[in-house]
2 protein chains.
Amino acid sequence: MRATIKDIAKVLNLSPSTVSRALRDCSSVSKKTREKILHIAQSMDYQPNLTARGLVSGRTQNIGVILSIETRDYSSLQIFNSIVVNGIFEVADAANYNLTFAKESKKHQTGALQRIIDNRDADGVLIVNVVSEDILAKLTIKNIPVVLIDNHFDNLQSYAVNNNDRLGAYLGTKHLLSLGYESIGFIGISEHAFNRECEMGYFQALLESEIRTDPNFLAKGNGDLGSGYDAMIKLLKINRPPRGVFVVNDEMAIGSIKAIKDYGLSVPEDIAIVGMDGMPFMEYFDPPLTTVKIEVAELGRTALQMLLGLIEDNYSGNHQIAISPRLIIRKSCGYYINSTLTK
Amino acid sequence: MRATIKDIAKVLNLSPSTVSRALRDCSSVSKKTREKILHIAQSMDYQPNLTARGLVSGRTQNIGVILSIETRDYSSLQIFNSIVVNGIFEVADAANYNLTFAKESKKHQTGALQRIIDNRDADGVLIVNVVSEDILAKLTIKNIPVVLIDNHFDNLQSYAVNNNDRLGAYLGTKHLLSLGYESIGFIGISEHAFNRECEMGYFQALLESEIRTDPNFLAKGNGDLGSGYDAMIKLLKINRPPRGVFVVNDEMAIGSIKAIKDYGLSVPEDIAIVGMDGMPFMEYFDPPLTTVKIEVAELGRTALQMLLGLIEDNYSGNHQIAISPRLIIRKSCGYYINSTLTK
DNA sequence: CTGAAAGCGCTTACAG
DNA sequence: CTGAAAGCGCTTACAG
């Protein structure tokens, strides 16, 4: 059987209280007895029972991570989420917290989510991606601290960590402009807050170059490859299509490159493309995709640091944090063709 | 404050014991009092404190999931692992278990892993991918049930769930043969047990077609794209290169396709390629990759079911289970070119 | 069918 | 600096 505090106390003829104190390094224990206790504890291979500790502290040492149940295996979102979780894990582990996953959809929610809400099976919760306002409300009522990740709520009261989408679109568009292209298109996505941010970055870049925006140069998809293809076809059918296009996610960017090729044109010679996300394998496509890489793991790390502060009741930073993405130049933007000009 | 069993007992003038029994549906409580208790419990929004339950049951309701610390974000392995975890989660959630992640490398192991081993912070453990034998030994000593996932140990005593790699290589090779190609190459990986299984599947398929194996047609990489490229270059330099090549993972398959293109040849017209894995985005490459898809989530599900049986001490199935992968035909194998023959 | 008591392994005021 | 006692919220023999 596993040794307990009582066992150690008995061996040394001390009280459990003293042993407990010594083990946790309380200053009120004499050096001599502390050393005796530590020594015996080690020789008996004593390790505290975390559950018992949790019962008296009222803490679970769990962080709930709520994800959308609908995420398909191998999808971009799945990949995004798993990297976010990596970042979360790093911080959680250092702070001695476990992660408790939970998933949710309109119709169904996992047992884990019920345990978090009903039984308070987490000291705090991270909500990744769009999850219903309903869940957020329930957690708030139960007084469980929450931080949103990549949730483009317009709710300024929530604590949230997002990619700086506006900056991302700005960087992507600016890069195309810096390459000398004068007509730049935009393929967005039908997701309000996110798309609005991206559009603002795009417009700002154009404005700085004093280029008027052409409403025909704006197209939208739903985020997947096929919709990026369709959106690009629309742009291609315009009288004089844009010379460069910023696409708000990599998957649609790949779709739009396919559309351009199928149209008998080439990337970047005829139309240059810049995506956003940083999905895997994108450097292996033909041409390798230039993209604005989101610091996904950093989103997770930052969010959990914030949440930990909230749990300890000593967070005093901003309610909302935006993490800067960064441009990764590959070939689809034409940088290496134009490099004589720009380098 | 949250209602406790005591609170309910007080309201109804009953003992906590009876309330506890009623709440857990023990048969020994009269229908009448049970109903009263359930009613009050609901009106007081009572939910059991899981920590307290855990303390008396000696269970943590945690399943430890050990992963390699070295896995890079966005790598194939990272994607593989996250899908395995999806499968594990499904089963865990249905059985009311939480997942506790832990990571490990030769030099370093996370706090979570120490908690699992030292403090028994999990009722059972799943080890995904190659993790040191040392960890396995420690868990065994502590009497913590373990199931390995995708760990190609040669240890027949361990409980393990793996992809049926031999079958995978067999299916891939057989498919190439069925397309009429008579010389088939093999690009393997320097990982003993895994590679041996793949080779056996490859040889078996050749044998059934009475094709002699040419040792020059065997090449090896380390798993990443560049190494697949190099391995293919080796095969291309042979006097008469193989007409089709089975590559043991998708990433190297993509690398080998690139090598073929750079060599001025085309896929599948000159050399046909079949990979194995089922990584995302592979259908978008040029040409879309034919591959043997591993049922990754199923590996996770099966392993946890096995582990749950072990924890409950009622598992009586095989120690080792191999999950069958399945062929996904796309364009890199030339099926659609040869379809007049084969359809 | 119900209750009183002991216990799971720890922590923490309160005394001394 | 140390100990006795109470308690965290539940479960479970043992009696009746």
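**Exercise 1. In the predicted model, find which residues of helix H6 of chain A are buried, and then look at what follows the helix.**

Solution. Begin by locating helix H6, which covers residues 111-119 of chain A. Next, go through its residues with the cut-off in mind, since buried means under 20% relative accessible area. The buried residues are Ala112(A), Leu113(A), Arg115(A), Ile116(A), Ile117(A) and Asn119(A). When reading such a list, it helps to remember that an α-helix has 3.6 residues a turn, so residues three or four places apart point the same way. Finally, step past the end of the helix, where Arg120(A) follows H6(A) with a positive phi, near 55°.

**Exercise 2. Decide whether Ser82(A) is buried or exposed, and state which residues it touches beyond its neighbours in sequence.**

Solution. First place the residue: Ser82(A) belongs to helix H5 of chain A, which spans residues 76-94. Then take its relative accessibility, which is 9%, and because this value is under 20%, Ser82(A) counts as buried. Once residues up to four places away in sequence are set aside, Ser82(A) touches Gln78(B) and Ser82(B). With Gln78(B), the side chain of Ser82(A) also forms a polar contact of 2.7 Å.

**Exercise 3. Describe where Ala231(A) lies, whether it is buried or exposed, and which residues it contacts.**

Solution. Start with the helix, which is H10 of chain A, residues 225-236, and which contains Ala231(A). The relative accessibility of Ala231(A) is 2%, and therefore this residue counts as buried. Apart from neighbours within four places in sequence, Ala231(A) is in contact with Ile187(A), Ala219(A) and Lys220(A). As a last step, compare its position with that of Leu99(A), which is 132 residues away along the chain, and note that the two C-alpha atoms are separated by 39 Å.

**Exercise 4. Set the overall dimensions of chain A beside the value for a compact globule, and then describe its make-up.**

Solution. For 343 residues, a compact globule would have a radius of gyration near 20 Å, whereas chain A has 26 Å. Along the principal axes, the C-alpha atoms of chain A fill a box of roughly 90 × 45 × 35 Å. Turning to the make-up, chain A holds 13 helices and 12 strands, and 55% of its residues count as buried. Among its contacts between residues at least 6 apart in sequence, 70% join residues at least 24 apart. To finish with the surface, chain A exposes about 15700 Å², of which carbon and sulfur atoms supply 49%.

Terms used:
Residues are numbered from 1 along each chain as its sequence is written. Chains are lettered from A and ligands numbered from 1 in the order in which they are written. This is a predicted model: local features need pLDDT of at least 70, side-chain atom pairs count only at pLDDT 80 or more; totals for chains, interfaces and linings use all residues. Side-chain values use heavy atoms; hydrogens and water are left out. Helices (H or I, at least four residues) and strands (E, at least two) are DSSP runs, numbered from the N terminus. The radius of gyration is taken over C-alpha atoms; the globule rule is 2.2 Å times the number of residues to the power 0.38. Buried means under 20% relative accessible area, exposed over 50%, partly exposed in between (1.4 Å probe, protein chains only). Contact means heavy atoms within 4.5 Å. Accessible areas come from the Shrake-Rupley method with a 1.4 Å probe; for residues, only the protein chains shown count as cover. A polar contact is a pair of N or O atoms within 3.5 Å; within protein, one must be able to donate a hydrogen and the other to accept it, and residues adjacent in sequence count only if both atoms are side-chain atoms.
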